[in-house]
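Thanks, everyone. I have one structure to go through this morning, so let me put it on the screen.

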Amino acid sequence: MRTSQLLLRSGPIAAAVAALAATPAVAASGISVSTTGSTVSVTTSACTQVNGSWGTASLLNSSQANFAQGRQVTLSGTNSLQSAAWSNVSPGTYTVVVMCSNNATAGTQSVIVSTASTPTISATASPSRGVMGGLGGGIKDYGPLTLGAGAALVGIGGIAAAWFLRRRSKPYRL
């Protein structure tokens with residue numbers, strides 16, 4: 001009885017999984033686009049070299065409609081990976097289109113260039129005397145009053161610890 005209920009409940013789930021497996025997968029874009037500051041770069045492995053050329057990549061802004069209107073860069077690379085890059089790209093949303101040399105589109109992908117600025121790293125001068133550390137103040141010469149007060153605090157702490165531990169070991173008496 002339990003087995004039949006379990007099979008009855010899992011039947012619609014199995015049918016849904018089978019239906020999803022039967023649907024054709026949507027082809028993913030054959031390009032990968034990334035941004036670093038104001039530089040946009042694209043990589044692909046979909047193009048083949050024809051007459052010494054891998055193809056061309058185009059960077060289109062929102063007002064440009066076709067491949068020829070964008071900023072075009074020639075792809076460079078090897079049989080396994082081709083790439084192109086655009087520098088000094090102003091902030092905004094762009095579309096990157098890659099056309100292989102055999103006139104096949106390798107892919108199209110949108111990218112957002114943000115206004116975040118890259119931090120400027122500058123060198124600082126090194127300290128003239130080196131780093132002051134290591135002895136924790138042991139180099140400074142303290143007077144007899146400071147040494148006496150420190151010794152008294154250490155002594156009081158030792159006596160208090162001994163008194164606490166001694167008192168703890170005695171059983172309570174009522």
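Before the record comes in, one definition: UniProt positions are given here in the numbering used for this chain, and such annotations may be inferred rather than shown by experiment. With that said, the unreviewed UniProt entry places a "transmembrane region" at residues 142-165. In this predicted model, that span is 92% helix and 0% strand. Its end C-alpha atoms lie 33 Å apart.

Now confidence. The mean pLDDT of the protein chain is 76, with 66% of its residues at 70 or more. Strand E3 has the highest confidence, at a mean of 92, and helix H1, residues 2-22, has the lowest, at 44. Over residues 12-28 pLDDT stays under 50, and the model has zero contacts for that stretch beyond four places in sequence. Where pLDDT is low, the predicted coordinates should not be read in detail. I will leave that part there.

On to the sheets. One is an open sheet of four strands, ordered E1-E2-E6-E5, with antiparallel pairing. Its edge strands are E1, at 31-36, and E5, at 76-77, each of which pairs on one side only. Between E1 and E2 there are six bridges, again antiparallel. As an example of the register, serine 34 has serine 41 in E2 as its bridge partner.

The other sheet to look at is also open, with four strands in the order E4-E3-E7-E8 and antiparallel pairing. Here the edges are E4, residues 71-74, and E8, residues 105-113, and each pairs on one side only. From one strand to the next the twist averages 20°. Inside this sheet, E3, residues 55-60, is joined to E7, residues 92-100, by six bridges. Serine 58 has valine 97 in E7 as its bridge partner.

That brings me to the cysteines. How many disulfides does a search of the whole structure find? It finds one. The disulfide joins cysteine 47 to cysteine 100, with an S to S distance of 2.0 Å. The angle about the S-S bond is -75°, and the link is left-handed. What does the pair tie together? Cysteine 47 sits in the loop between E2, residues 39-44, and E3, while cysteine 100 is in strand E7, so the link ties together parts that are 53 residues apart in sequence. Cysteine 47 and cysteine 100 are both buried.

That is what I have.

Definitions and conventions
Residues numbered from 1 in each chain as written. Predicted model: local features only at pLDDT ≥ 70, side-chain atom pairs only at ≥ 80, totals over all residues. Heavy atoms only, no water. Pairing = 2+ DSSP bridges. Helix = DSSP H or I, 4+ residues; strand = E, 2+ residues; numbered from the N terminus. Axes fitted to C-alpha atoms, helices over the stretch in contact; angles between N-to-C directions. pLDDT = per-residue confidence, 0-100. Contact = heavy atoms within 4.5 Å. Disulfide = S-S within 2.5 Å. Buried < 20%, exposed > 50% of the residue type's maximum accessible area, 1.4 Å probe, protein only.
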